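Colleague: I would like to go through the ligand site and hear the reasoning behind each label.
Modeller: Go ahead.

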Amino acid sequence: MINGKIVLITGAASGIGAETAKLLAARGAIPVLTGRNERKLQESAASIKTAHGCYKLDVTDSAEAAAVMAQVVERFGRIDVLLNNAGYGLFEPFAESSIEQFEQMMDTNYMGIVRCTKAVLPIMKRQGGGHIINVASMAGKLSTPKSSGYAATKHAVLGLTNALRPELAPLGITVSAVNPGPIDTPFLHTADPEGSYANKVRGYMLQPKQVAEAIIKVIQRRTAEVDLPLSASIGIRIYGLFPRLADRVASRWLHRK
Ligand code: NAI
């Protein structure tokens with residue numbers, strides 16, 4: 001059941017977050033869009049004509065996360081789903097990445113989820129349940145060259161997700177992970193400004209709508225984890241079984257960044 005659910009989305013000004021908000025609204029849920037940039041957030045929310053919320057929230061700010069969650073509960077009464085989606089990547093060789101870049105990526109992609117989850121937890125406990133969905137990545141399972149900083153943040157997200165899932169289950173709180181392969185969103189303009197990675201993976205790039213549909217299914221079925229597309233999901237499983245062999249056999253495929 002998705003109808004009437006209050007779904008708070010971080011990083012909803014663009015890409016998957018914006019697309020999921022639109023799809024949720026079309027299916028009768030009440031998306032609460034949050035993001036750093038108020039102007040972009042308003043533009044994203046403007047296409048939603050049904051009930052929704054819109055709040056400035058930078059996930060690197062713990063106080064703002066707590067304040068926004070409190071305002072959302074005051075207005076809508078509850079938060080059924082927290083979609084931890086905000087994040088970015090920089091695809092660069094390790095030697096050329098600064099320490100600050102590593103720290104900042106971890107602060108947004110990993111600590112952002114820690115902050116928002118901490119802020120929503122007392123609310124979900126009080127209401128007797130909820131659903132936390134973390135957007136990780138294929139990069140959380142399979143690290144490739146030029147993604148040491150980004151892949152580490154997404155491995156951290158999956159580590160957190162897998163620990164929280166059994167810990168929060170007795171409280172009626174489901175914790176899920178969504179691990180997409182490359183998606184055609186502004187993410188890639190930041191990660192790879194020259195577009196060479198995007199050109200190499202264009203043949204199997206996901207569209208944001210496909211990922212939004214997958215997220216909606218995760219909400220409906222309370223799925224623990226989903227990898228997409230299917231081909232990547234199979235590849236990840238084989239890699240997990242034979243990582244060193246896969247490093248050798250699939251080396252060309254893994255060097256796309
Ligand atoms: P996107 O760049 O369109 O969306 C990410 C959003 O997060 C942006 O609106 C950005 O402003 C926001 N954001 C960044 N830092 C923030 C902060 N400190 N506080 C609040 N919001 C912040 O890109 P996309 O693809 O929709 O990204 C969504 C998630 O999907 C990210 O976590 C990304 O790592 C993940 N992902 C993306 C893939 C891709 O190829 N596009 C592949 C796999 C995962």
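Colleague: Where does the ligand sit?
Modeller: In a predicted model, the ligand sits in the largest pocket. The wording rests on a cut-off, because more than half of a molecule's atoms must lie within 2 Å of the pocket's grid points.

Colleague: What makes the link between serine 14 and the ligand a polar contact?
Modeller: A polar side-chain atom of serine 14 lies 2.8 Å from an oxygen atom of the ligand. The limit for a pair of N or O atoms is 3.5 Å, so the pair counts. Lysine 154 has a polar side-chain atom 3.0 Å from a ligand oxygen, and for threonine 185 the distance from a side-chain N or O atom to a ligand oxygen is 2.6 Å. The protein covers 94% of the 830 Å² of accessible area that the ligand has on its own.

Colleague: Which residues come nearest to the ligand?
Modeller: Ser14, Ile16, Asn85, Tyr150 and Thr185, out of the 26 residues around the ligand. A residue is included because one of its heavy atoms lies within 4 Å.

Colleague: How is that shell divided by class?
Modeller: There are 13 nonpolar, 10 polar and 3 charged residues. Glycine counts as polar in this scheme.

Colleague: Which helices each supply at least two residues of the shell?
Modeller: α1 (15-26) and α6 (148-168) do.

Colleague: Where does UniProt place the "domain: Ketoreductase"?
Modeller: An unreviewed UniProt entry lists residues 5-186 for that feature. Over this range the chain is 47% helix and 18% strand, with the end C-alpha atoms 28 Å apart.

Note on methods
Residues are numbered from 1 along each chain as its sequence is written. This is a predicted model: local features need pLDDT of at least 70, side-chain atom pairs count only at pLDDT 80 or more; totals for chains, interfaces and linings use all residues. Side-chain values use heavy atoms; hydrogens and water are left out. UniProt positions are given in the numbering used here, feature names are shortened, and annotations may be inferred rather than shown by experiment. Helices (H or I, at least four residues) and strands (E, at least two) are DSSP runs, numbered from the N terminus. A polar contact is a pair of N or O atoms within 3.5 Å; within protein, one must be able to donate a hydrogen and the other to accept it, and residues adjacent in sequence count only if both atoms are side-chain atoms. Accessible areas come from the Shrake-Rupley method with a 1.4 Å probe; for residues, only the protein chains shown count as cover. On a 1 Å grid over the protein atoms alone, a cavity is a set of points where a 1.4 Å probe fits but cannot get out, and a pocket is an open set with protein on both sides within 12 Å along at least five of seven lines; lining residues have an atom within 4 Å of a point.
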